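Trainee: Please take me closely through the charged side chains of this model. I would also like to see how they sit within the rest of the chain.

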Amino acid sequence: MASKQIVPIDYITVDVKVYDDIPKAVASNPNVTLAVENNLRLYASISVSDAMKSLATVGELLKVANAAADGHSCAKPIIKILAEYQSLVNDTASTCALFALNSLASLKQHELALRLAEKQPQKALSIISKTAEKAKEMAEKSQKLVEMSKILVDQSTEALEMATGDKNDEIIKENEVVKKQGELEAQAAKLRTEIDDLKRQADEFKELADKASNEASEQRRTAMILQVVSSVTTPLVQLGGPLISSFSGAGVLDGTSKILNVVGDSITGATKKPDQPEKPKTTKTETTDATSEFKDKKKNLEKQETEKTKELEEKKAELKKVDGESESPEKKEKKEKLENSIKEINQQLEKLGKMLSDTINEIANQFKERAAKSEDKEAAYMKLKSQYQDLQRKSNSDLAQNVVQLKNLSIQKNSLEVSIKSLEITIKTMGKVRTIFENTRLFWLQVKGQCEALSDVSNMKDLADAADLDDEFKIDFTNEIKSSGLNWLALAQINYTASLTITGIKKNFDDVMNNLPGRSEAEAIVKSSCDEIQKILAQENKKIDEIKKESDKPSK
């Protein structure tokens, strides 16, 4: 490897003398900023800002958990966590401030080492070695904070287990009440379903009764028309036959059938008025059957009437011809015979009229019977409707009683529910507390790892020896010093941010420790604190997403 191919890396371009110079140094050069950001990728799983803000959230969570756990066995480990947590916050605050100051001192020593690196590589190495010793001490201090965090993780686990046990005890006490409430709720649901079904069935029976009423009315109307027609059919045949025949040019029954067509239309619904209720399906079927029977008989009678009318006309024509003949015994005999035939045909026509009248009467009686059956169905449906309404009233009464019992039962188990809800809050908050302490432990493990890396200057020692032997390696040596300095700057940035954050947390935590609430204040605390906790956690999730997105980017 040729030294002349090695390019000097960019380094801090501002003096780093005081605390607030740290972020200025990070932003002093784009390449410096990038180097620090790449160094901070070691903390991708948990950033310092997230760790310290989570500690702030823990204060609120512990306050809620302590209030919710009051009166339960899990309150004891939570109080112990509060005490240990106070020590963790205090030690974290002091350690972060110390690490930031140590980092400032190390950066100044790196600046001096860079000035000596060109002419006195071994002297520069000696100065860097002092920072390595300091990094080793910082790693040991970080380990102590790792152990403190681990203790709090274990205590949080214990509190979680005890809170779960307390909750199970309360649930056992509540089981019978919950069981009874469940039975009442199931009964209420069943009653509501029954009421809906009864109401629906009562409505259906009312609809069926209305249809049956309409059906009976239609059957009675049809029967009345048929009776009127029947009452006039025979006299028409007997008395009006010759008139109908002479004026209409048709036979007696053919003329009568024109009158009966009106009846047929009435039966089939041809004369139905627009505002007349639609007939039930059963009425339509029965009416169709009656009409078919009527038409078949009518058709048969018309056929017979046509045949007899034709025969009558033939006999009359023959009689008229005989009348024109000369008087003789033969004429007299023919005439007498023809007159007897005509008389017989008229008698047959009269008999056909009587048969038609009887047929119409029979159909009318069928419609009367159907009307009576429809009236019976209407009465039966109305009775069923009344019975279902009675059942509905009883179900309504049972449901009202059920609701009262549920209300009383809710009041009875209210205190048990409050206890269980409080313990649920404790379990949820302590679960989050444990996670935060675990993340804090992980953070200090990462700080420890970085400090251990800074304490290792073996590569720098090799480059210092090489630079003593050959100037070709001096750029390599100075680049190594700069890389170490940038790593110290990243550590300074981490602890600078942590120190600023933890200072605000400590005041918040002191307020929590000085104002530990009782159980009576739990509801107000939960309401006010949970809103803030949700806000902080939402911000934390957003930050985690940003870190994940950033960590997925390839290094430049």
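Mentor: What follows starts with the overall fold, turns to the charged side chains, and ends with pairs of residues that are far apart in sequence.

The model is predicted, so local features are taken only where pLDDT is at least 70 and side-chain atom pairs only at pLDDT 80 or more, whereas totals for chains, interfaces and linings use all residues. Residues are numbered from 1 along each chain as its sequence is written, and side-chain values rest on heavy atoms, with hydrogens and water left out.

With helices (H or I, at least four residues) and strands (E, at least two) taken as DSSP runs numbered from the N terminus, the protein has 13 helices and zero strands. Read along the sequence, this gives the pattern α-α-α-α-α-α-α-α-α-α-α-α-α. Of the 556 residues in the protein, 40% are buried, where buried means under 20% relative accessible area, exposed means over 50%, and partly exposed lies in between (1.4 Å probe, protein chains only).

Now to the charged side chains. A salt bridge is counted when a side-chain nitrogen of Lys or Arg lies within 4 Å of a carboxyl oxygen of Asp or Glu, and by this rule the count comes to eleven salt bridges. Three of these pairs can be followed in detail.

One of them joins Glu137 to Lys134, with the closest N and O atoms 3.3 Å apart. Both residues belong to helix α5 (residues 121–239) and stand three residues apart, which is about one turn of the helix. Glu137 counts as partly exposed because its relative accessibility is 46%, and Lys134 is likewise partly exposed because its value is 31%.

Another pair is made by Asp323 and Lys335, whose closest N and O atoms are separated by 3.5 Å. This pair links distant parts of the chain, since Asp323 lies in helix α8 (residues 281–323) and Lys335 in helix α9, twelve residues apart. Asp323, at 38% relative accessibility, counts as partly exposed, and Lys335 is partly exposed at 31%.

A further bridge runs between Glu327 and Lys331, with 2.9 Å between the closest N and O atoms. Here the partners fall into opposite classes of accessibility: Glu327 counts as exposed because its relative accessibility is 69%, while Lys331 counts as buried because its value is 6%.

The surface also carries charge outside such pairs: Glu330, Glu333, Glu336 and Glu339 gather in a patch of negative charge. A patch of this kind is made of residues with over 30% relative accessible area and no salt bridge, like charges being joined within 9 Å. Glu330, one of its members, is found in helix α9 (residues 329–412).

Cysteines can be checked as well. If a disulfide is a pair of cysteine sulfur atoms within 2.5 Å, the count comes to zero disulfides. Cys74 counts as buried because its relative accessibility is 0%, and Cys96 is buried too, with a relative accessible area of 0%.

To set these side chains within the rest of the chain, consider some residues that are separated in sequence. Ile502 has its place in helix α12 (residues 474–514) and counts as buried because its relative accessibility is 0%. The C-alpha atoms of Ile502 and Val89 are 7.3 Å apart in space, although the two residues are 413 apart in sequence. Leu101, in helix α4 (residues 75–117), is partly exposed at a relative accessible area of 49%. Between the C-alpha atoms of Leu101 and Asn495, which are 394 residues apart along the chain, the separation is 9.0 Å.

The segment before α1 (21–26) holds Pro8, which counts as partly exposed because its relative accessibility is 46%. Pro8 and Lys482 are 474 residues apart in sequence, yet 9.2 Å apart from C-alpha to C-alpha. Ile9 also lies in the segment before α1 and is partly exposed at 29% relative accessibility. The C-alpha atoms of Ile9 and Asn31 are separated by 8.5 Å, with their positions 22 residues apart along the chain.

Terms used:
Patches are made of residues with over 30% relative accessible area and no salt bridge: like charges are joined within 9 Å, nonpolar side chains (Val, Leu, Ile, Met, Phe, Trp, Tyr) within 5 Å. Accessible areas come from the Shrake-Rupley method with a 1.4 Å probe; for residues, only the protein chains shown count as cover. Lys and Arg count as positive and Asp and Glu as negative; His and the chain ends are not counted. The place of a charge is taken as NZ of Lys, CZ of Arg, CG of Asp or CD of Glu.
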